[in-house]
Every structure is written in C-alpha cells, then in structure tokens.
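Please look through the sequence and the structure shown here before reading the report.

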Amino acid sequence: MVIEIELDEPKCIAAGQCVMTAPEVFDQRDEDGVAIILAPVPAPEHLDAVRDAVAICPAAALQLIEK
C-alpha cells in the first residue's frame, strides 16, 4: 500500500500548520504562503507527522489517499 498526499490548493488558507508539523514533507510558496508538497509519497518515518498535519489543517485542504 502506498499513501499519497493530495492538496486542494484553492482551499489552502496558508496557515502553515502543515509546514510546522511536517517540515520534511511540506513547504509554503513565498509569494502567497500556499502549501507545497515536497514529498507526495512521504517516507514511512514521516507518516505520523503527515497524518497529524492532515488532521490539523484548518482548511481541510489536505487528504491522504491510500493506493
């Protein structure tokens, strides 16, 4: 099973919670602060932080997709 991260970019409010929770996986664009996914398929050691980031996203702009 592979877990991928999906970002609904128009929903992102640039709060930065994902970056603070999983900085190895997320960043923000300089111009508007919208999230960027650095690792769409996160390494196993980052999955717990990614799950936390998805759970606390205030705009619910992130999803985990299991394939």
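The report goes from the overall fold to the nonpolar core and then to a single position in a helix.

## Model and fold

The model is predicted. The protein has two helices and four strands, and their order along the sequence is β-α-β-β-α-β.

Contacts that span long stretches of sequence are frequent in the count: of those between residues at least 6 apart in sequence, 58% join residues at least 24 apart.

## Dimensions

The C-alpha trace spans about 35 × 20 × 15 Å along its principal axes. The radius of gyration is 11 Å, which agrees with the value near 11 Å for a compact globule of 67 residues.

## Surface and charge

The protein exposes an accessible surface of about 4000 Å², and carbon and sulfur atoms account for 52% of this surface. As for burial, 31% of the 67 residues count as buried.

The protein carries 4 positive and 13 negative charges, and the mean positions of the two sets lie 7 Å apart.

## Nonpolar core

The largest nonpolar core is made of 16 residues. Ile5, Cys18, Val25, Phe26, Val50 and Leu62 have the most contacts inside this core. Helix H1 (17–21) and helix H2 each supply at least two of the core residues. H2 gives the most, with three residues.

Ile5 shows how one of these core residues is placed. With neighbours within four places in sequence left aside, Ile5 is in contact with Val25, Phe26, Ile37, Ala39, Pro40, Pro42, Val50, Leu62, Gln63 and Leu64. Among these partners, Val25, Phe26, Val50 and Leu62 are also listed with Ile5 as having the most contacts inside the core.

## Ala49 in helix H2

Ala49 lies in helix H2, which covers residues 47–56. Is Ala49 buried, partly exposed or exposed? Its relative accessibility is 22%, so Ala49 counts as partly exposed. The cut-off for a buried residue is under 20%, and therefore the 22% of Ala49 does not qualify as buried.

Beyond neighbours within four places in sequence, Ala49 is in contact with Thr21 and Ala22. Helix H1 spans 17–21, and Thr21 is thus at the end of that range. Glu24 is 25 residues from Ala49 along the chain, and the C-alpha atoms of Glu24 and Ala49 are separated by 9.4 Å.

Key
Residues numbered from 1 in each chain as written. Predicted model: local features only at pLDDT ≥ 70, side-chain atom pairs only at ≥ 80, totals over all residues. Heavy atoms only, no water. Buried < 20%, exposed > 50% of the residue type's maximum accessible area, 1.4 Å probe, protein only. Contact = heavy atoms within 4.5 Å. Core = buried A, V, L, I, M, F, W, Y, C linked by side-chain atoms within 4.5 Å. Rg over C-alpha atoms; globule rule 2.2 N^0.38 Å. Areas by Shrake-Rupley, 256 points an atom, 1.4 Å probe, with all protein chains shown as cover. Lys, Arg positive; Asp, Glu negative; His and termini not counted. Charge placed at Lys NZ, Arg CZ, Asp CG, Glu CD.
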